[in-house]
Amino acid sequence: MNQPLLFWFRKDLRLTDNTALKAAAQTGRPIICTYILDEDNDLAWPLGKASRWWLQESLKSLGLSLQQYELQLVLRRGDSVEQLSQLIKETGASSLYFSAQYEPSSLTLEQKVNLALKDQIEVKRFKGYLLYEPNENTTAEGKPYKVFTPFYKACLKKPPSTALPAPEQISAYPEYLASDDLLDWDLALDTPTWAQEYPPIWKPGEDGADWSLQAFIRQGVGKYPELRNRPDIFGTSRLSPHLHFGEISPRQIWNAINQLNNTDNEGVASYQRELIWREFSYNLLINWPDFPEQPFRSEFKAFPWHDDDSALHRWQQGQTGYPIVDAGMRELLHTGWMHNRVRMIVASFLIKDLLIPWQQGEKWFWQHLLDANLASNSASWQWVAGCGADAAPYFRVFNPTLQGEKFDPNGDYVRQWVPELDQLSKAHIHTPWEAPAEELKLAGINLNETYPSPIVNHKEARLRALAAFEVIKHKSQPAA
DNA sequence: TGAAATGTTGGGGCG
DNA sequence: ACGCCCCAACATTTC
């Protein structure tokens, strides 16, 4: 029983705490590592442009890490079942090991793979992408949770187990196998302006993930509850893209911060709560597979949206005339990331001030976020829109001026991303349209020329949003 | 993990 | 000394 074992990398692009890989290594059998680019598997949500760049870099990094074990990362492209079958044929592998994924299309694919191969070889699926398996936490009636807090409490009763070290050794399959050239996949082709700006900011791969985690810990997790709302300060972990691609596991993060000093306790609990939000989002996606497309609260299907391509375009490009909104949208364009507080502000603006369907924002984020994740992205957009599970009430309308003054008090974040406002004083950095003509002149700002005046009047827009909500308010109850 | 409208309280100016 | 008004400052409610 020393037949080769095929290891199928997916969103588990790491060696440490990779349960599936550890199990594969422990068999002592020769391992073939593969990654398959299967672009037709999810036609509804193909990899976004930013994600494609990250994937390319992460695969580069993984390939290098595997070289330490003298393992080849075999890159293949096409239908997953076909490519796996082909590799089995080429190598005589008698087992297939992989980490489970939880997007609806991934679950379907796993079933297809299992069905196609299980009579021929051993097919083993391992946990690791989530802290808890779907449906591991249910209400007393055995139904999926629709409210975060009880879900969170149920999770806390079962703390995650400790993380696994990377395998000490892995036996490599001795022969060189045909492999695509990573650059031929053209994963970074659609990233004209962005890709050049990413590298100094981001380091995709397992080492980069660990570096981000250590930086977050060094900076003091105790400060997280306060600083996480400040886009002008480096106060969040920036682990999201790493976590999305499985360069680090949620269990590694959970345990690494769990061992910190008492002074960090509050921050640790606060960050772990965010990890549980990720679990909650997957809980929603798995149990309601149309969550990315359809409002969870069905009465929102009748919401009187205003489709407005011109306004959508101005929002996308960061030209709304509200500095905090524009700063966020431009940070996204330049870095593939946006601070979470600002994500809420720009989302509220699109949905409530412009009355544009949340799905439009969701799609833009999907293309431009390096951490684009189907579960988190859709759950977050529905949360802001007020149509999700346990969502913010619709009438919670963010005032972009007040949010800016509260969370970017000196305007540093705005100045970084909206440089044309750089010379404006702290008093008017979030309200350029109210600045005295003299100050605007000195700052070199010509409203509507160098920077737009507000696309809507927030006060009026807020009332319009509340009126629109009245239309559906009494329609029906949340989805079953 | 809101904001605005509305309500209440209490200090100070002033007749 | 007292009542009255004004209006911050804070609290509650409403959307």
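# Working through a three-domain chain

In this structure, 7 residues of domain 1 are in contact with 8 residues of domain 3. Keep in mind that this is a predicted model.

**Exercise 1. Describe how chain A is divided and how domain 1 sits relative to domain 3.**

Step 1: Start with the bounds. Domain 1 covers 5-128, domain 2 covers 130-162 + 206-287, and domain 3 covers 298-473. Notice that domain 2 is written as two segments.

Step 2: Look at the spacing. The C-alpha centres of domain 1 and domain 3 lie 39 Å apart.

Step 3: Go back to the contact. There, 7 residues of domain 1 meet 8 residues of domain 3. Sorted by class, the domain 1 side of that contact has 3 nonpolar, 2 polar and 2 charged residues.

**Exercise 2. Trace the chain from strand 1 to strand 3, and say how the strands pair.**

Step 1: Take strand 1 (residues 5-9). It pairs with strand 2 in the parallel sense, over 5 bridges. For one matched pair, find Leu5, which stands opposite Ile31 in strand 2.

Step 2: Follow the connection. Strand 1, helix 1 (residues 19-26) and strand 2 form a β-α-β unit, and that unit is right-handed.

Step 3: Move on to the other pairing of strand 2. Strand 2 (residues 31-37) runs parallel to strand 3, and 5 bridges join them. Here Cys33 has Leu73 as its bridge partner, and Thr34 stands opposite Val74. To get from strand 2 to strand 3, the chain goes through helix 2 (residues 49-67), in a right-handed β-α-β crossover.

Step 4: Check how covered these strands are. Strand 2 has 6 of its 7 residues buried, so the rest of the structure largely encloses it. Strand 3 (residues 73-77) is mostly covered, with 4 of its 5 residues buried.

**Exercise 3. Do the same for strands 4 and 5.**

Step 1: Strand 4 (residues 95-99) and strand 5 (residues 122-126) are parallel and share 5 bridges. One of the matches is Tyr97 with Lys124.

Step 2: Helix 4 (residues 104-117) carries the chain across from strand 4 to strand 5, and this β-α-β crossover is right-handed too.

**Exercise 4. Decide for Gln67 and for Phe300: buried or exposed?**

Step 1: Place Gln67 in helix 2. Count its surroundings: 12 other C-beta atoms lie within 10 Å. The exposed label applies at 12 or fewer, so Gln67 is exposed.

Step 2: Place Phe300 in the loop between helix 11 (265-287) and helix 12 (309-317). Its count is 25 other C-beta atoms within 10 Å. Buried needs 20 or more, so Phe300 is buried.

Step 3: Find the company Phe300 keeps. Leaving out neighbours within four places in sequence, Phe300 is in contact with Pro295, Cys387 and Ile472.

Step 4: Try some long distances. Gln67 and Ser453 are 386 residues apart along the chain, and their C-alpha atoms are separated by 55 Å. For Phe300 and Asn18, 282 residues apart along the chain, the C-alpha separation is 41 Å.

**Exercise 5. Which residues are around DNA strand B, and how do they split by class?**

Step 1: List them. They are Trp277, Ala392, Phe395, Arg396, Val397, Phe398, Asn399, Leu402 and Gln403.

Step 2: Sort them. The surface near DNA strand B has 6 nonpolar, 2 polar and 1 charged residues.

Technical notes: Residues numbered from 1 in each chain as written. Chains lettered and ligands numbered in written order. Predicted model: local features only at pLDDT ≥ 70, side-chain atom pairs only at ≥ 80, totals over all residues. Helix = DSSP H or I, 4+ residues; strand = E, 2+ residues; numbered from the N terminus. Pairing = 2+ DSSP bridges. Right-handed = clockwise from strand over helix to strand, strands pointing away. Domains from an automatic or database assignment. Contact = placed C-beta atoms within 7 Å. Nonpolar A, V, L, I, M, F, W, Y, C, P; charged D, E, K, R; others polar. Near = placed C-beta within 6 Å.
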